[in-house]
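Work through the exercises below with the sequence and the 3D structure open. Try each task before you read its solution.

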Amino acid sequence: MKCRVCREPAIIDIRRHNANFCADHFLKLCRDQTVKAIEQFDMIRSGERVLVAVSGGKDSLAIWDILLDLGYDADGLYLGLGIGDYSDASGDCARAFATARGATLLEVDLPADYGYDIPNGARAAKRVPCSACGLSKRHLFDKAAIDGGYDVVVTGHNLDDEAAVLFGNVLRWQTDYLGRQLPVLPARHGFPRKVKPLVRLGEREMAAYCVVRGIDYIVDECPMAAGNKHLGYKESLNAVEATSPGTKHDFYFGFLARASEHFRPEAEGEQADLQPCTSCGAPTTAEVCAFCRLVERAGGHHPDHGSPEPVPVELQPRKPTLVPTPGASA
Amino acid sequence: MDAVKVLLRNPRREVEVQGAMQVSTLLGRLDINRESVLVIRDGTIVAGDGWLNADDDVEIRPVISGGMA
């Protein structure tokens, strides 16, 4: 198997591109596809402050790494979910990456700052753990971006994530969700702009990116997510992809090009009904926002301070263990 | 006869597969979808047509992750 670009031995095949790549040209592909997504969907503009939602997993560390290489002013925010050893290990990965890159990592810890964790909070609120987790993340990343004066929140959602979410939404014709499933959600009504620069790259590519770059990420699956529907959708789509490469890409980008706008009026109608939460001030369609209701049911509390405090990170002159990205700016 | 020692994840476990073989053969024998994993030896990705020696230690690393957040 030879690299499509240089004919040196390849390390990875990307069947939807019908191409193989060596390590250097694979890293360049990842970087180029990220740039293409940012430009195609006008995700991040020159000089903007970027907040990356960092989980310690492959996708969020990879996009943070790529954005730093591209010269963006990108800080990270790690949210401690209180999921036992899994949270300990994922936090360690996020901190180690920030230290290696000399980047700023902000932290919010649910148990310490809000008095609940995901396993117990979900149980108390009668939500599935992934629902309580997603709700907490969305609220706290939005809040941190607004409080910290960031222009845009970046998440590590990749092509597989988006295709699986789309698959689930179509299976149940959740038209309100379909109207919001975009690679860019503009800033409005008290929400920061949210963007997904990895939508042109698959999950396998992001794991490979981290291996090639020497980025240590949390490999084990979140114990709360085991067996959830989203993972099942991914496995189903991968079964199709194995015999028909490019299906996930065509499914997602075909939706954006040909179907997405038909569902937008419903989503925009919901936005028009937003008002400030009487508890925390965040935009919501109810009197009290879903996050504050979760905190209350979980027996938690809101912290005294406003924005999360930066975690001091020991700065290193250069990344000592990471493999340089070809063509990246210094 | 020597065997390729294979580390699998979620749940973490080890299996042995007899003989030298290509990565694609290993994944086929274990009934693993190549779209869902990377095969890693000594910290380096091994391509689908790469050969594994009968005394190699390799990791088959799943790449599917995530809840719905």
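## Exercise 1: An unusual peptide bond

B:Pro11 sits in the loop that joins β1 (3-8) and β2 of chain B. Strands here are DSSP runs of E with at least two residues, helices are runs of H or I with at least four, and both are numbered from the N terminus. The model is predicted: local features need pLDDT of at least 70, side-chain atom pairs count only at pLDDT 80 or more, and totals for chains, interfaces and linings use all residues. Residues are numbered from 1 along each chain as its sequence is written, while chains are lettered from A and ligands numbered from 1 in the order in which they are written.

Task: find whether the peptide bond from B:Asn10 to B:Pro11 is cis or trans.

Solution. Step one: go to the bond between B:Asn10 and B:Pro11. Step two: read omega, which is near 5°. The bond is cis. Step three: set this against the general rule. Most peptide bonds are trans, and most residues other than glycine have a negative phi.

## Exercise 2: Two positive phi angles

Task: state where A:Arg7 and A:Asp42 lie, and whether each is buried or exposed.

Solution. Step one: take A:Arg7. Its phi is positive, about 70°, although A:Arg7 is not a glycine. A:Arg7 belongs to the segment before β1 of chain A. Step two: count neighbours. A residue is buried if 20 or more other C-beta atoms lie within 10 Å of its own, exposed if 12 or fewer, and partly exposed in between, with C-beta atoms placed from the backbone. A:Arg7 has 10 other C-beta atoms within 10 Å, so A:Arg7 is exposed.

Step three: repeat for A:Asp42. Its phi is about 50°, again positive in a residue that is not a glycine. A:Asp42 is found in the loop between α1 (23-40) and β3 of chain A. With 12 other C-beta atoms within 10 Å, A:Asp42 is exposed.

## Exercise 3: A covered strand in chain A

Task: describe the surroundings of strand β3 (residues 49-54) of chain A.

Solution. Step one: check burial. Five of the six residues of β3(A) are buried, which leaves the strand mostly covered. Step two: look for partners. Two strands pair if DSSP finds at least two bridges between them. β3(A) pairs in the parallel sense with strand β4 (residues 73-80) of chain A, over six bridges. A:Val54 has A:Tyr78 as its bridge partner in β4(A). Step three: follow the chain. From β3(A) it passes through helix α2 (residues 58-69) of chain A to β4(A), a right-handed β-α-β crossover. Right-handed has a fixed sense: with the strands pointing away from the viewer, the path from the first strand over the helix to the second runs clockwise.

Step four: find another partner. Strand β6 (residues 152-154) of chain A pairs with β3(A) in the parallel sense over three bridges. There, A:Val52 stands opposite A:Val154.

## Exercise 4: The sheet of chain B

Task: trace the five-stranded sheet of chain B and find what packs on the sheet.

Solution. Step one: count elements. Chain B has one helix and seven strands, in the pattern β-β-β-α-β-β-β-β along the sequence. Step two: read the strand order. The open sheet runs β2-β1-β7-β4-β5, with mixed pairing. At its edges are β2 (13-18) and β5 (44-45) of chain B, each paired on one side only. Step three: inspect one pair. Strands β4 (residues 37-41) and β7 (residues 57-62) of chain B are antiparallel over four bridges. B:Ile40 in that pair bridges to B:Glu59.

Step four: cross to the other chain. α9(A) packs on the sheet and touches β4, β5 and β7 of chain B. Contact requires C-beta atoms, placed from the backbone, within 7 Å. The direction of α9(A) makes about 20° with that of β4(B). Axes are lines fitted to C-alpha atoms, for helices over the stretch in contact, and angles run from 0 to 180 degrees between N-to-C directions.

## Exercise 5: The contact between the chains

Task: which element gives the most to the side of chain A that touches chain B?

Solution. Step one: size the contact. Chain A supplies 33 residues and chain B 20 residues. Step two: pick the element. α10(A) gives the most, with eight residues.

How values were computed:
Contact = placed C-beta atoms within 7 Å.
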